[in-house]
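Open the model in your viewer and keep the sequence panel visible. The tour goes from one selection to the next and says what is there.

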Amino acid sequence: MTLVVVPVILGQGARLFPDAGPDLALGLVESRVDAKGVTIQVYRPAGRPQDATP
């Protein structure tokens with residue numbers, strides 16, 4: 001999955017992912033920022049998510 005984040009405020013916005021569905025951990029493969037502050041992040045599936053331990 002490639003996620004592009006543009007630094008603007010749009011108000012309420014739209015959900016990126018649905019409320020329901022399978023949980024999936026993602027591993028970051030690549031991350032970069034362009035000259036205008038846009039971040040491009042590439043993720044790959046990384047199995048089932050692990051619960052964080054306090």
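Is T39 buried or exposed? T39 is buried, because its relative accessible area is 18%, and buried means under 20%, exposed over 50%, partly exposed in between (1.4 Å probe, protein chains only).

Before going on, note that this is a predicted model, in which local features need pLDDT of at least 70, side-chain atom pairs count only at pLDDT 80 or more, and totals for chains, interfaces and linings use all residues. Residues are numbered from 1 along each chain as its sequence is written, and side-chain values use heavy atoms, with hydrogens and water left out.

**The whole chain**

Show the protein chain as a cartoon. It has 0 helices and 3 strands; helices (H or I, at least four residues) and strands (E, at least two) are DSSP runs, numbered from the N terminus. Along the sequence the pattern reads β-β-β. The radius of gyration is 14 Å, well over the 10 Å that the globule rule gives for 54 residues, so the chain is more spread out than a compact globule. That radius is taken over C-alpha atoms, and the globule rule is 2.2 Å times the number of residues to the power 0.38. The C-alpha trace spans about 35 × 25 × 25 Å along its principal axes. Of the 54 residues, 11% count as buried.

**The strands**

Select residues 26-33 and 39-45, which are strands β2 and β3. These two pair in the antiparallel sense over 7 bridges; two strands pair if DSSP finds at least two bridges between them. β2 and β3 form a hairpin with 5 residues between them. In the turn, look for G37, which has a positive phi of about 90°. Now add residues 2-5, strand β1, which pairs with β3 in the antiparallel sense over 4 bridges.

**T39**

Return to T39, which is found in strand β3. T39 is the bridge partner of V33. Leaving aside neighbours within four places in sequence, T39 is in contact (heavy atoms within 4.5 Å) with L3, V4, V5, R32 and V33.

**Q41**

Next select Q41, also placed in strand β3. Which residue in β3 is the bridge partner of L3? Q41 is that partner. Q41 is buried, with a relative accessible area of 17%. Apart from neighbours within four places in sequence, Q41 has contacts with M1, T2, L3, V5, L28, E30 and S31.

**M1 and a surface patch**

From Q41, go to M1, in the segment before β1. M1 is partly exposed, with a relative accessible area of 43%. Show the surface and colour M1, L16, F17, L24 and L26: they form a nonpolar patch with about 500 Å² of accessible area together. Patches are made of residues with over 30% relative accessible area and no salt bridge, with like charges joined within 9 Å and nonpolar side chains (Val, Leu, Ile, Met, Phe, Trp, Tyr) within 5 Å. A salt bridge is a side-chain nitrogen of Lys or Arg within 4 Å of a carboxyl oxygen of Asp or Glu. Accessible areas come from the Shrake-Rupley method with a 1.4 Å probe; for residues, only the protein chains shown count as cover.

**V6 and K36**

Last, select V6, in the loop between β1 and β2. V6 is partly exposed, with a relative accessible area of 47%. How far apart in space are V6 and K36, C-alpha to C-alpha? They are 8.7 Å apart, with their positions 30 residues apart in sequence counted as a separation.
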